[in-house]
Amino acid sequence: MIERMIEKSLFASRWILAPVYLGLSLVLVALGLKFFQEIFHLFLHLWTMRETALILTVLTLVDLVLVASLVVMVMFSGYENFVSKMDIDADSEKLGWLGKLDPSTLKLKVAISIVAISSIHLLKAFMNAEKIANDKLLWYVIIHLTFVVSAVLMSVMDKISFSAHRDHSLMTAKPMPTSGQESRPG
């Protein structure tokens, strides 16, 4: 009786995550506001802006979009994986990947997004290389490479674990008949 009550309480506690995922939507609003602030600034100074400043602004906009996309992915996938399935009407739009990202795939996509975001920051640092100390640039590269190696290792580990799972499921599955073994009506 106590065990069953504890299990029900633990299972119900997943709903504590729902306001956290809802809070991520506020982060999305903040990123959207920052994006349009950058756009406004870009158009105000477009005619007097140097090419490198324009490129840096565009990289900042791309960076904000990548982070916002990452927030959406974590918000929806996390909710679907850990709280509840989303009941979306058949008439309304549905994201193609919704319901298909398991926690392992989500972690891998987050790692890849972090590498992309880090790449943009590194490129922005190199665009201002004359203003940044060499040792600081070296640390930027080391940190970026750490993200890259981590993402690659996570990908390899995921592939190995998926491969082991796939091999196991193939061993337990019934063998498929070959073309010569198919039964034909006589």
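What share of the contacts in the chain with a separation of 6 or more comes from residues 24 or more positions apart? In this predicted model, such pairs account for 69% of those contacts. The legends below start with the whole chain and then move in on its helices and a few of their residues.

**Figure 1. The chain is built from five helices and zero strands.** Reading from the N terminus, you will meet the elements in the order α-α-α-α-α. The chain has 186 residues, and 22% of them count as buried. The views that follow visit α2, α3 and α4 in turn.

**Figure 2. Helices α2 and α3 pack with their axes within 10 Å of each other.** Here the two axes cross at roughly 165°. Angles over 145 degrees count as roughly antiparallel, and α2 and α3 are therefore roughly antiparallel to each other. Their crossing is left-handed. If you sort the residues of this contact by class, you will find 22 nonpolar, four polar and two charged ones.

**Figure 3. Five residues, A18, Y21, M75, Y79 and V83, make up the largest nonpolar core.** Both α2, which spans residues 17–44, and α3 supply at least two residues each to this core. Y21 is a handy place to begin exploring: beyond its neighbours within four places in sequence, Y21 is in contact with V74, M75, G78, Y79, F82 and V83. Three of the names in that list, M75, Y79 and V83, are also members of the core.

**Figure 4. V20 sits in helix α2, 59 residues away from Y79 along the chain.** In space, the C-alpha atoms of V20 and Y79 are separated by 9.4 Å. Is V20 buried, partly exposed or exposed? With a relative accessible area of 48%, V20 is partly exposed. Y79, its partner in this view, belongs to the largest nonpolar core.

**Figure 5. T57 is a buried residue of helix α3.** Its relative accessible area is 9%, and the cut-off for buried is under 20%, which is why T57 falls in that class. Which residues does T57 touch, not counting those up to four places away in sequence? They are E38, L42 and M49. Of these, E38 and L42 fall within the span of α2, residues 17–44.

**Figure 6. Helices α3 and α4 pack at an angle of about 165°.** In this view α3 covers residues 51–82 and α4 covers residues 103–127, and their axes are 10 Å apart. The two helices are therefore roughly antiparallel to each other, and they make a left-handed crossing. By class, the contact of α3 with α4 contains 18 nonpolar, seven polar and three charged residues.

**Figure 7. L108 is found in helix α4 and counts as buried.** Its relative accessibility is 15%. To see what surrounds L108, set aside its neighbours within four places in sequence: the contacts that remain are A151, M154, S155 and D158. V152 is worth picking out in this view as well, since a distance is given for it. L108 and V152 are 44 residues apart in sequence, while their C-alpha atoms are 9.1 Å apart in space.

Methods:
Residues are numbered from 1 along each chain as its sequence is written. This is a predicted model: local features need pLDDT of at least 70, side-chain atom pairs count only at pLDDT 80 or more; totals for chains, interfaces and linings use all residues. Side-chain values use heavy atoms; hydrogens and water are left out. Axes are lines fitted to C-alpha atoms, for helices over the stretch in contact, and angles run from 0 to 180 degrees between N-to-C directions. Helices (H or I, at least four residues) and strands (E, at least two) are DSSP runs, numbered from the N terminus. Angles under 35 degrees count as roughly parallel, over 145 as roughly antiparallel, 65 to 115 as roughly perpendicular and the rest as oblique. A crossing is left-handed if the near helix is turned anticlockwise from the far one by less than a right angle, and right-handed if clockwise. Ala, Val, Leu, Ile, Met, Phe, Trp, Tyr, Cys and Pro count as nonpolar, Asp, Glu, Lys and Arg as charged, and the others, Gly among them, as polar. A nonpolar core is a set of buried Ala, Val, Leu, Ile, Met, Phe, Trp, Tyr and Cys residues joined through side-chain atoms within 4.5 Å. Buried means under 20% relative accessible area, exposed over 50%, partly exposed in between (1.4 Å probe, protein chains only). Contact means heavy atoms within 4.5 Å.
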